[in-house]
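Here are a few exercises to work through with the structure open beside you. Try each task before reading its solution.

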Amino acid sequence: MALQLGDTAPDFSQDSTEGVINFHEWLGDSWAILFSHPKDFTPVCTTELGEVARLKSEFDKRNTKAIGLSVDPIEDHHAWKGDIEETQGCGLNFPLLADADRSVSEKYGMIHPNANDTLTVRSVFVIDPKKKVRLTLTYPASAGRNFQEILRVLDSLQLTDNEKVATPVNWRQGDDVIIVPSLSNEEAAKLFPQGWDEKKPYLRMTKLNK
């Protein structure tokens, strides 16, 4: 059965470009972005890994660790690192799992037989410090991922974990948010003294004064 939102992310021990990763221990009290690649030395993957490396400071701000995965062996990963730095202008600065036995891929449902029965698709899992799966995305092998969108959803998850709000379409940090419908106006007035714009009783927009 495929992993679903709220499930505990499976633990694993697997070799990587930074040594053996014991996943839950490595995660600690951080968030994680676990994302898979179909194959080493492929063009789309090379651009993605370079982009995630460039975004390291943005992930750090959000207490988030990035970890990649490919089913190719560790020797190929180390050889590929040079190509990534040469072509993308940024070297790999996060671990890349060498899942040659496909043990992690199988646990996370990263192999879709109707697409390819041996290679992983472009899966993304956002995992919180409680080891719960909070977001899943699956891209075809031909389409590179938008990591700005992944950062945006991470911002939303971290905000809505701590505030009684939801985030509207195309939301970005600093934009107005939605007061959750489960809060009465009386309860909302205590939490949002700045007030709100009530477009409908179930759609109350406010700006967080934080």
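Which two side chains meet in a salt bridge at 2.6 Å, N to O? Keep in mind that you're looking at a predicted model.

**Exercise 1. Follow that salt bridge outwards.**

Solution. Start with the pair itself: aspartate 155 and arginine 62 bring their side chains together in a salt bridge, 2.6 Å from N to O.

Next, place the partners on the chain. Aspartate 155 belongs to helix H6 (residues 147–162), while arginine 62 is in the loop between helix H3 (56–61) and S4. They're 93 residues apart, so this pair links distant parts of the chain.

Then check burial. The cut-off for buried is under 20% relative accessible area. Arginine 62 has 12%, so it counts as buried, and aspartate 155 is buried too.

Now look for another partner. Glutamate 58 also forms a salt bridge with arginine 62, with the closest N and O atoms 2.9 Å apart. Glutamate 58 is partly exposed, at 23% relative accessible area.

Finally, put the pieces together: Glu58, Lys61, Arg62 and Asp155 are linked in a network of salt bridges. The whole structure has 13 salt bridges.

**Exercise 2. Describe the surroundings of the residue that UniProt annotates as "active site".**

Solution. First, find the residue: the annotation, from an unreviewed UniProt entry, covers Cys45. Cysteine 45 is located in helix H2.

Second, is cysteine 45 buried or exposed? Its relative accessibility is 0%, so it counts as buried.

Third, list the contacts. Once neighbours within four places in sequence are set aside, cysteine 45 touches His37, Pro38, Lys39, Trp80 and Arg122.

Fourth, pick one of these contacts, lysine 39, and see what else it does. Lysine 39 makes a salt bridge with aspartate 72, where the closest N and O atoms are 4.0 Å apart. Aspartate 72 is in the loop between strand S4 (64–70) and H4, lysine 39 is in the loop between S3 and H2, and the two are 33 residues apart. Aspartate 72 is buried at 10%, whereas lysine 39 is partly exposed at 38%.

**Exercise 3. Classify two aromatic pairs, one with phenylalanine 23 and one with phenylalanine 41.**

Solution. A pair of aromatic rings is described by the distance of the centres and the angle of the planes. The structure holds seven such pairs.

Take phenylalanine 23 and tryptophan 26: their centres are 6.0 Å apart and their planes differ by 25°. Planes under 30 degrees apart count as stacked, so this pair is stacked. The two residues are three apart in helix H1 (residues 23–27), which means about one helical turn separates them. Both are buried.

Now try phenylalanine 41 and tryptophan 80. Their ring centres are 6.3 Å apart with the planes at 45°, so the pair is tilted. Phenylalanine 41 is in the loop between strand S3 (31–37) and helix H2 (43–54), and tryptophan 80 is in helix H4 (residues 74–88), 39 residues away. Phenylalanine 41 is partly exposed at 43%, but tryptophan 80 is buried at 1%.

**Exercise 4. Find what sits around tryptophan 26.**

Solution. Begin with the rings: tryptophan 26 belongs to one aromatic cluster with Phe12, Phe23, Tyr108 and Phe125. Then look for a charge: the charged end of lysine 65 sits over the ring of tryptophan 26, 5.0 Å from its centre. For another case, go to tryptophan 196, where arginine 204 lies over the face, 6.0 Å from the ring centre.

Terms used
Residues numbered from 1 in each chain as written. Predicted model: local features only at pLDDT ≥ 70, side-chain atom pairs only at ≥ 80, totals over all residues. Heavy atoms only, no water. Phe/Tyr/Trp six-rings, centres within 6.5 Å; stacked < 30°, edge-to-face > 60°. Helix = DSSP H or I, 4+ residues; strand = E, 2+ residues; numbered from the N terminus. Buried < 20%, exposed > 50% of the residue type's maximum accessible area, 1.4 Å probe, protein only. Lys NZ or Arg CZ within 6 Å of the ring centre and 35° of its normal. UniProt positions renumbered as here; feature names shortened; annotations may be inferred. Contact = heavy atoms within 4.5 Å.
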